[in-house]
Amino acid sequence: MANKKAKSAAGIIFKRELKAYFSSAAAYIVTGLYLLATGLFFFSSFYIYNRAELRQFFGLMPVILSFIIPALTMRVFSEERRSGSIETLMTLPVSETSVVTGKYLASFVSTLIMIAPTLFYLIPLCVFGKPDFGPIFGGYAGAIFLCASFTAIGVFASSVTKNQIIAFILSAVICIVLTLIDSFLVFFPAPVVNFFGYISANAHFNSIARGIVDTRDILYFLSVTSLFFVMTVRAEQKAKA
């Protein structure tokens with residue numbers, strides 16, 4: 001019975017947060033900026049370089065999402081902390097896990113909605129070229145895992161501060177470090193290269209984007225998502241205490 005109530009509470013919060021997403025002008029602005037940025041990279045490759053492919057689009061996706069997702073998630077908890085409505089929410093008969101689950105799922109679905117319009121890029125690819133759908137499917141699969149982990153990071157950052165700007169900066173820094181760390185492996189001592197290479201989100205994303213199914217890549221994204229999800233729950237429990 002308790003488990004059923006928890007699922008119901010998480011579902012109610014999920015619907016409320018998703019409705020708030022569609023009611024927010026900021027969400028449409030961020031989505032518009034994302035589509036503008038990705039569109040420029042896609043069509044520059046398509047028309048200027050005459051390449052019917054999504055390689056450049058997927059190659060830059062981790063960097064772009066490192067800033068876009070924090071912009072979408074920065075208000076999830078911080079806005080309610082600033083306004084004081086989080087205290088009202090936490091006094092209701094709902095667990096911290098249910099609250100975090102509902103908010104996280106709504107944010108994650110929001111990122112997928114943001115990415116969905118880029119599927120229209122496949123139309124000119126199919127009309128003017130013969131794309132290899134293996135890497136395309138792999139790229140979008142990798143994007144889903146990337147969104148899941150970066151959303152968890154963004155929600156966590158939002159849960160530890162009342163200031164949306166600080167939440168954005170914190171989550172963006174974490175995301176961009178995980179994205180670019182593999183570019184600086186030559187500067188690390190040999191004994192730690194493998195470790196820092198493994199925690200590179202970009203490396204795991206590129207592996208999946210190539211169409212290679214490796215359980216280590218999937219385990220990495222699931223681990224990052226779970227780690228920051230649990231840290232968010234802990235942060236809410238500590239705030240409530």
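**Entry 1: α6 and α8**

I looked up the packing of α6 against α8 and found that their axes come within 9 Å and cross at roughly 140 degrees. The model I am reading is a predicted one. I noted α6 and α8 as oblique to each other, because an angle over 145 degrees would be needed for roughly antiparallel. The crossing of α6 and α8 is right-handed.

I then listed the residues in contact. From α6 they are Y104, S107, F108, T111, L112 and I115. From α8 they are Y140, A143, I144, C147, A148, T151, A152 and V155. By class I recorded eleven nonpolar and three polar residues in the contact of α6 with α8, and no charged ones.

**Entry 2: α3 and α8**

I turned next to α3, and asked at what angle the axes of α3 and α8 cross. They cross at roughly 25 degrees and come within 9 Å. I therefore entered α3 and α8 as roughly parallel to each other, the cut-off being under 35 degrees. The crossing of α3 with α8 is right-handed.

On the α3 side, I found F57, F58, M61, P62, L65, S66, I69 and T73 in the contact. On the α8 side, they meet P135, I136, G139, Y140, A143, L146, C147, F150, T151, G154, V155 and S158. The residues of this contact divide into 14 nonpolar and six polar, with no charged residue.

**Entry 3: the largest pocket**

I looked up the largest pocket and recorded a volume of about 300 Å³. Its lining has 14 residues, and those nearest its centre are L54, R55, F58, P135 and A209. I noted that F58 and P135 also appear in the contact of α3 with α8.

Which elements supply at least two residues each of this lining? I found α3 (55–73), α8 (133–159) and α11 (201–209). The classes in the lining of the largest pocket are eight nonpolar, two polar and four charged residues.

**Entry 4: the second largest pocket**

For the second largest pocket I recorded a volume of about 210 Å³. I counted 17 lining residues, of which Y21, A27, L72, T73 and R75 are the closest to the centre. T73 was already in my list for the contact of α3 with α8.

The elements giving two or more residues to the lining of the second largest pocket are α1 (2–23), α2 (25–48), α3 and α6 (96–115). I recorded ten nonpolar, five polar and two charged residues in that lining.

Methods
Residues numbered from 1 in each chain as written. Predicted model: local features only at pLDDT ≥ 70, side-chain atom pairs only at ≥ 80, totals over all residues. Heavy atoms only, no water. 1 Å grid on protein atoms, 1.4 Å probe; cavity = no way out; pocket = protein on both sides within 12 Å on 5 of 7 lines; lining within 4 Å. Points joined across faces, edges and corners; volume = space filled by probe spheres on them. Helix = DSSP H or I, 4+ residues; strand = E, 2+ residues; numbered from the N terminus. Nonpolar A, V, L, I, M, F, W, Y, C, P; charged D, E, K, R; others polar. Axes fitted to C-alpha atoms, helices over the stretch in contact; angles between N-to-C directions. Parallel < 35°, antiparallel > 145°, perpendicular 65-115°, else oblique. Left-handed = near helix turned anticlockwise from the far one by under 90°. Contact = heavy atoms within 4.5 Å.
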